[in-house]
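User: Could you walk me through a few spots on this protein? I'd like the reasoning along with the answers.

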Amino acid sequence: MEMSSLCLLLLLNSLHAGSPKVSVTLSPNRSQFFKRESFSVSCEEDEEEPGTTWTVMKRTDDGEVSQCASSCSISAAYPATDSGEYWCGNQHGATSNSFNITVTAGPVVLEIPGLPVTEGDDVVLRCRLQSHTSGWAIYTAFYRDGNIFGGSYTGNITLFKVSTSDEGQYKCGIFGSDKSPESKLTVRGSPTDVSTTPSVGRGSAAHLLSVFTLLRHLLVGSPFLLSTILLGLICRDRRKVQQAKRSRQTSTAVIMEMEHCRVYPYT
């Protein structure tokens, strides 16, 4: 019984740990910025948890980790201090998904979403030259994983109805100028996948989630329950041992009395 309760508790804990209740946001949502441009990263709780504080974490390219408050605003970005990996974390060790930002002193950036895009969406990639302010009249090439896959004279290209096959490292190059840094495009599964699954519909999934949530609150929210059960079992076993010990002592006394009567029948 106690082993089954422990296994269920560990299972619910693992399900809870695998679904962080926080979303990391990026504004504007692009992973490349020119030096001295501004952007902000923040943590938004999907489900409020009392006693939990989320902060924006940053790991720069030299490996140094620092933190902001629940929102981190960069008013003038620099390559050495603001390029790196960003995510949300709390004091209990839970983390959100992470993404990378590149701040460059170069002349070209590729405007590509820094956060994951949803499968089936159209994604616009824009190649931007820092010193160019008028309409485009220069050919721009777009690269995925080092290979050219398209180009335009507008500086833009659209990936229609993206899928996981579109994931990769992207960059752009402007004729007569330099290339942008590389950034990864991440594609996540469409949320409609849940509703199209024959065995589990959206209502069933929501009901299943509510059951798990209830069980998690009953077990995870009451950690003393398991310890109380274990303490009761220990006390029960201890009483059994004591009763068995007293029974053996009584039996031994009776046997000794009977032996005494047998040896000295007239005393």
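What follows is a short round of questions and answers on this predicted model.

User: Which residues make the nonpolar surface patch of about 400 Å²?

Analyst: Joining a patch takes over 30% relative accessible area. One member, Y153, has 54% and counts as exposed. The full set is Y139, Y153 and F175.

User: Where is Y153 found?

Analyst: Two strands frame this one: β13 covers 147–152, and β14 covers 156–159. Y153 is in the loop between β13 and β14.

User: Is S152 buried or exposed?

Analyst: S152 lies in strand β13, and its C-alpha is 9.9 Å from that of C127, 25 residues apart along the chain. Buried means under 20% relative accessible area. S152 has 12%, so S152 is buried.

User: Which residue in β14 does R126 stand opposite?

Analyst: Strand β11 (residues 123–129) pairs with β14 in the antiparallel sense, over 4 bridges. On the β14 side, I157 and L159 form the covered face, while the uncovered one has N156 and T158. The residue opposite R126 is N156.

User: Is E45 buried, partly exposed or exposed?

Analyst: E45 sits in strand β3 (residues 39–45), and joins E44, D46 and E47 in a negative surface patch. The in-between class runs from the buried limit of 20% to the exposed limit of 50%. E45 has a relative accessible area of 37%, so the class is partly exposed.

Terms used:
Residues numbered from 1 in each chain as written. Predicted model: local features only at pLDDT ≥ 70, side-chain atom pairs only at ≥ 80, totals over all residues. Heavy atoms only, no water. Patch = residues over 30% accessible without salt bridge, like charges linked within 9 Å, V, L, I, M, F, W, Y side chains within 5 Å. Areas by Shrake-Rupley, 256 points an atom, 1.4 Å probe, with all protein chains shown as cover. Salt bridge = Lys/Arg side-chain N within 4 Å of Asp/Glu carboxyl O. Buried < 20%, exposed > 50% of the residue type's maximum accessible area, 1.4 Å probe, protein only. Pairing = 2+ DSSP bridges. Lys, Arg positive; Asp, Glu negative; His and termini not counted. Charge placed at Lys NZ, Arg CZ, Asp CG, Glu CD.
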